[in-house]
Amino acid sequence: MEEFKYGDIKLSGSILNVNPLEVHSKIIEADGLLDYIHIDVMDGLFVPNRTNGIKMFKDNIRLENKPFDVHLMVEDPLRELSNYIGASIITFHIETLINSKTMQLDMDQFYDISREIKRMGAKVGIAIKPNTTVSFLRNLLNKVDLVLVMTVEPGFGGQKLIESTLNKIEKVREMGFEGMLEVDGGITPENALSVIQKGANVIVAGTSLFGADDVYDAAWTIKQK
Ligand code: DX5
Ligand code: ZN
């Protein structure tokens with residue numbers, strides 16, 4: 001097993017496109033290699049798609065005792081938080097904090113959301129879309145546990161990774177962030193090493209993991225075991 005600068009690679013399985021009846025068996029197939037279950041919450045406003053995140057969360061929270069990694073793709077994260085009590089990580093998008101007139105971050109809003117997430121006992125994650133510049137993250141890096149770099153436009157599973165997002169991972173590390181750096185969208189056993197080498201240490205995989213003929217093998221390869 002290779003040694004990586006930012007520690008062991010964690011795998012977060014996105015169940016977005018998994019048949020709800022198969023979620024349990026797929027998780028068992030991945031066996032001990034799955035570190036988190038990734039729940040995609042979409043409100044149809046922040047992204048052009050909607051999911052029943054609450055149902056996905058409630059139906060699966062007791063399964064196999066896996067920690068939950070909740071990804072909020074919603075315009076009003078604060079309003080949704082109470083639905084996800086028990087999650088280990090709750091991540092919301094930095095774009096929801098950017099004032100479109102001044103192009104400044106609304107830090108009061110950031111503190112309101114992050115305080116509530118901490119009060120719930122979860123780690124605080126901040127996500128960034130492919131076209132948002134990483135400089136917005138500068139003042140937040142010492143205030144979050146996790147940075148989620150989107151490697152596709154959020155909204156749908158099964159998309160192809162956008163190559164130009166890879167340098168964002170590197171930039172976040174160059175800015176001195178040593179915490180959990182998650183990547184999400186289009187990650188496969190074939191390209192996982194390239195994102196890890198840039199500095200990612202938490203990998204979200206949906207289609208390439210749960211859609212694989214051999215889920216365990218896909219998980220093993222993604223984690224570079
Ligand atoms: C996309 C979601 C992702 C997605 C990942 O908006 O945030 O979590 O489900 O799925 P794949 O691995 O299929 O790209
Ligand atoms: Zn996601």
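**Strand pairing, crossovers and a ligand in a predicted barrel**

Trainee: Which residue of β5 stands opposite His93?
Mentor: The model is predicted: local features need pLDDT of at least 70, side-chain atom pairs count only at pLDDT 80 or more, and totals for chains, interfaces and linings use all residues. Residues are numbered from 1 along each chain as its sequence is written, chains are lettered from A and ligands numbered from 1 in written order, and side-chain values use heavy atoms, without hydrogens and water. Strands (E, at least two residues) and helices (H or I, at least four) are DSSP runs, numbered from the N terminus. Opposite His93 in β5 stands Ala127.

Trainee: How many bridges join β4 to β5?
Mentor: Two strands pair if DSSP finds at least two bridges between them. β4 covers residues 89-93 and runs parallel to β5. The number of bridges joining them is five.

Trainee: Through which helix does the chain cross from β4 to β5, and with what handedness?
Mentor: The helix is α4, residues 107-119. A crossover is right-handed if, with the strands pointing away from the viewer, the path from the first strand over the helix to the second runs clockwise. This β-α-β crossover through α4 is right-handed.

Trainee: How many of the six residues of β5 are buried?
Mentor: Buried means under 20% relative accessible area, exposed over 50%, and partly exposed in between (1.4 Å probe, protein chains only). β5 spans residues 123-128 and is mostly covered. Its buried residues number five.

Trainee: Which residue of β6 stands opposite Ile128?
Mentor: β5 pairs with β6 (residues 146-150) in the parallel sense, over four bridges. Ile128 faces a partner in β6. That partner is Val149.

Trainee: By what angle, on average, are neighbouring strands of the barrel sheet turned against each other?
Mentor: Eight strands form a closed barrel, in the order β1-β2-β3-β4-β5-β6-β7-β8, with parallel pairing. Neighbouring strands of this sheet are turned, on average and with direction ignored, by 25°. Axes are lines fitted to C-alpha atoms, for helices over the stretch in contact, and angles run from 0 to 180 degrees between N-to-C directions. The average is thus 25°.

Trainee: Why is β1 called largely enclosed?
Mentor: β1 covers residues 10-14. It is largely enclosed by the rest of the structure because the buried residues are four of the five.

Trainee: Which residue of β2 is the bridge partner of Gly13?
Mentor: β1 pairs in parallel with β8 (residues 202-205) over four bridges, and Ser12 stands opposite Val204 there. Three bridges join β1 to β2. In β2, the partner of Gly13 is Ile37.

Trainee: Where does Asp31 lie, and what is its phi?
Mentor: Asp31 sits in the loop between α1 (23-30) and β2. It is partly exposed, at 47% relative accessible area. Asp31 is not a glycine, yet its phi is positive, about 55°.

Trainee: Which residues are closest to ligand 1?
Mentor: A residue counts as near if one of its heavy atoms lies within 4 Å. Ligand 1 is surrounded by 20 residues. The closest are Gly155, Asp184, Gly186, Gly206 and Thr207.

Trainee: How far is an oxygen atom of ligand 1 from a backbone N or O atom of Gly206?
Mentor: A polar contact is a pair of N or O atoms within 3.5 Å; within protein, one must be able to donate a hydrogen and the other to accept it, and residues adjacent in sequence count only if both atoms are side-chain atoms. A ligand oxygen is 2.7 Å from a polar backbone atom of Gly155. A side-chain N or O atom of Asp184 lies 2.7 Å from an oxygen of ligand 1. For Gly206 the distance is 2.8 Å.
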